[in-house]
2 protein chains.
Amino acid sequence: MIGSEIDNLIIAIAKLPGLGRRSAQRIALHLLKNKEFSLHPLVKSLQEADGKIVDCVDCGNIDMTSPCSICRDHKRDKKSICLVQDISDLWAFERTGFYKGLYHVLGGALSAIDGIGIDELNLNSLINKLEKKQIKEVIFALGATIEGQTTSHVIVDKIQKYNVEITRLAQGVPIGGEVHYLDENTLNAAFQARKKIT
Amino acid sequence: MIGSEIDNLIIAIAKLPGLGRRSAQRIALHLLKNKEFSLHPLVKSLQEADGKIVDCVDCGNIDMTSPCSICRDHKRDKKSICLVQDISDLWAFERTGFYKGLYHVLGGALSAIDGIGIDELNLNSLINKLEKKQIKEVIFALGATIEGQTTSHVIVDKIQKYNVEITRLAQGVPIGGEVHYLDENTLNAAFQARKKIT
């Protein structure tokens, strides 16, 4: 009963991350009932982004130029690289604004289930940067998940020889976190890494 | 730091129902990292639906033709109209497939907060249909919410004079529903409308 163009649209929307058929139906209806204020601006934004956005050849970020505006920014500390899994992690850092170094986006983490091996990760350009010997510190900001930690270990093994300081994000109680809501592993990590109150 | 075309896209996506900035970022990234398999098919579906989908002049449904395929279907019972708030409600009925009559989509419910009065609802074409005196039954399938019930009352008042049978959906325990999870109002409605076991 639903027209095939509507069905095709619902299917295309339902393939987006985090959306199912119900939410896709709701969005499709909203778009088709508000063509001028919703559908047309969305199509325009998609086409503009499609035409202008490229991958940064240096760090794996997306931007309107390659190298991206972060890699090209002369004010940033070129001696420090923050290693993240995904661009969304880079965005999370940039939202806070406290980090002034460069990034390197791996594009995922090692995962046997998803078939992501070491060759699928954006690692060569990181090695290239380290070989130029201008990097002083690599900050591992991968997820505190099994995949993220496994990936960190493998990459640490690979880059140790470049005589660079290797650090990782602290683990512990999230700010605003209630202790009784913490999972065992986080509580254990926070307890083991406890600090003296001075 | 995020390119303005990406920002514009995220803003356009975040305006869709049910999505916030975080989920919009995730979707935008997915689209831009999978242009061929996600962004391009989505734009194509949006444009095709945009060009072909119209509002049904009779019932308020959307379809590739007006009147829509349901209104034009000779196999359907033209004597029965199921009155729904939104097209998504019509789709919910059509998914089950048991109802063989026509629909009428109001396009919302009366709501002082949202500024929806009786003139904002798609009511004239319903009155037109009733004036032709071929309708035997109007089934009220509006939400069991304050807005839905208020709207039902107002419309019942308006159409009573047309000598048509007026019914509404039964209220009670949803199939699969546990009694101890029911809210008081539902439990009360289900108790008051209890039926004899034969």
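A residue counts as buried when its relative accessible area is under 20%, as exposed when it is over 50%, and as partly exposed in between. The legends below describe close-up views of a predicted model.

**Figure 1. A salt bridge between A:E5 and B:K52 joins the two chains.** In this predicted model, the side chains of A:E5 and B:K52 meet with a distance of 2.9 Å from N to O. A:E5 belongs to helix α1 of chain A and B:K52 to helix α3 (residues 35–52) of chain B, so the pair links one chain to the other. The relative accessibility of A:E5 is 9%, and because this falls under 20%, A:E5 counts as buried. B:K52, by contrast, has a relative accessibility of 44% and therefore counts as partly exposed.

**Figure 2. A salt bridge between B:D55 and A:K33 also crosses between the chains.** The side chains of B:D55 and A:K33 meet at 3.3 Å, N to O, with B:D55 placed in strand β1 (residues 54–55) of chain B and A:K33 in helix α2 of chain A. Both partners are partly exposed, B:D55 with a relative accessible area of 44% and A:K33 with one of 40%.

**Figure 3. The interface of chain A and chain B holds six salt bridges by the rule applied.** One salt bridge, between the side chains of A:D50 and B:K35, has an N to O distance of 3.7 Å. On the side of chain A that touches chain B, the elements giving two or more residues are α1 (4–14), α2 (21–33), α3 (35–52), β2 (62–63), α4 (69–72) and α5 (87–96) of chain A, and the largest share, 13 residues, comes from α3(A). The residues of this side divide into 25 nonpolar, 13 polar and 14 charged. In all, 52 residues of chain A are in contact with 52 residues of chain B, and the area buried between the two chains is about 4800 Å², of which carbon and sulfur atoms give 68%. Between chain A and chain B, 12 residue pairs are in polar contact, counting pairs with both residues at pLDDT 80 or more.

**Figure 4. Chain A superposes on chain B by a rotation of 180 degrees.** The operation carries 0.1 Å of shift along its axis and gives an RMSD of 0.1 Å, and the two copies are thus related as by a two-fold rotation axis. The same surface serves both copies, since 100% of the contact residues of chain A recur in chain B. Of the residues of chain A, A:V43 comes closest to the rotation axis, with its C-alpha at 3.1 Å.

**Figure 5. A:R76 and A:E94 form a salt bridge within chain A.** The closest N and O atoms of A:R76 and A:E94 are 2.9 Å apart. A:R76 lies in the loop between α4 and β3 (77–84) of chain A and A:E94 in helix α5 of chain A, so the pair ties together parts that are 18 residues apart in sequence. Both residues, A:R76 and A:E94, are buried. Over all chains, a search of the whole structure finds 12 salt bridges.

**Figure 6. A cis peptide bond leads into the proline at position 67 of each chain.** In chain A the bond from A:S66 to A:P67 has omega near 0 degrees, and A:P67 is placed in the loop between β2 and α4 of chain A. In chain B a cis bond joins B:S66 and B:P67, with omega about 0 degrees, and B:P67 is placed in the loop between β2 (62–63) and α4 (69–72) of chain B. Most peptide bonds are trans, and most residues other than glycine have a negative phi.

**Figure 7. A:K133 and B:K133 have a positive phi.** Phi of A:K133 is near 60 degrees, and A:K133 lies in the loop between α6 (124–131) and β5 (137–140) of chain A. Phi of B:K133 is likewise near 60 degrees, and B:K133 is found in the loop between α6 (124–131) and β5 (137–140) of chain B. A:K133 counts as exposed at 67% relative accessibility, and B:K133 counts as exposed at 67%.

**Figure 8. The side chain of B:S125 reaches the backbone oxygen of B:D58.** The distance of this approach is 3.3 Å. B:S125 is found in helix α6 of chain B, and at 14% relative accessibility B:S125 counts as buried. Leaving aside neighbours within four places in sequence, B:S125 is in contact with B:V57, B:D58 and B:H104.

Terms used: Residues numbered from 1 in each chain as written. Chains lettered and ligands numbered in written order. Predicted model: local features only at pLDDT ≥ 70, side-chain atom pairs only at ≥ 80, totals over all residues. Heavy atoms only, no water. Contact = heavy atoms within 4.5 Å. Buried area = accessible area lost by both parts, 1.4 Å probe. Salt bridge = Lys/Arg side-chain N within 4 Å of Asp/Glu carboxyl O. Polar contact = N/O pair within 3.5 Å; in protein donor to acceptor, adjacent residues only side chain to side chain. Helix = DSSP H or I, 4+ residues; strand = E, 2+ residues; numbered from the N terminus. Nonpolar A, V, L, I, M, F, W, Y, C, P; charged D, E, K, R; others polar. Least-squares fit on C-alpha atoms with pLDDT ≥ 70 in both. Buried < 20%, exposed > 50% of the residue type's maximum accessible area, 1.4 Å probe, protein only.
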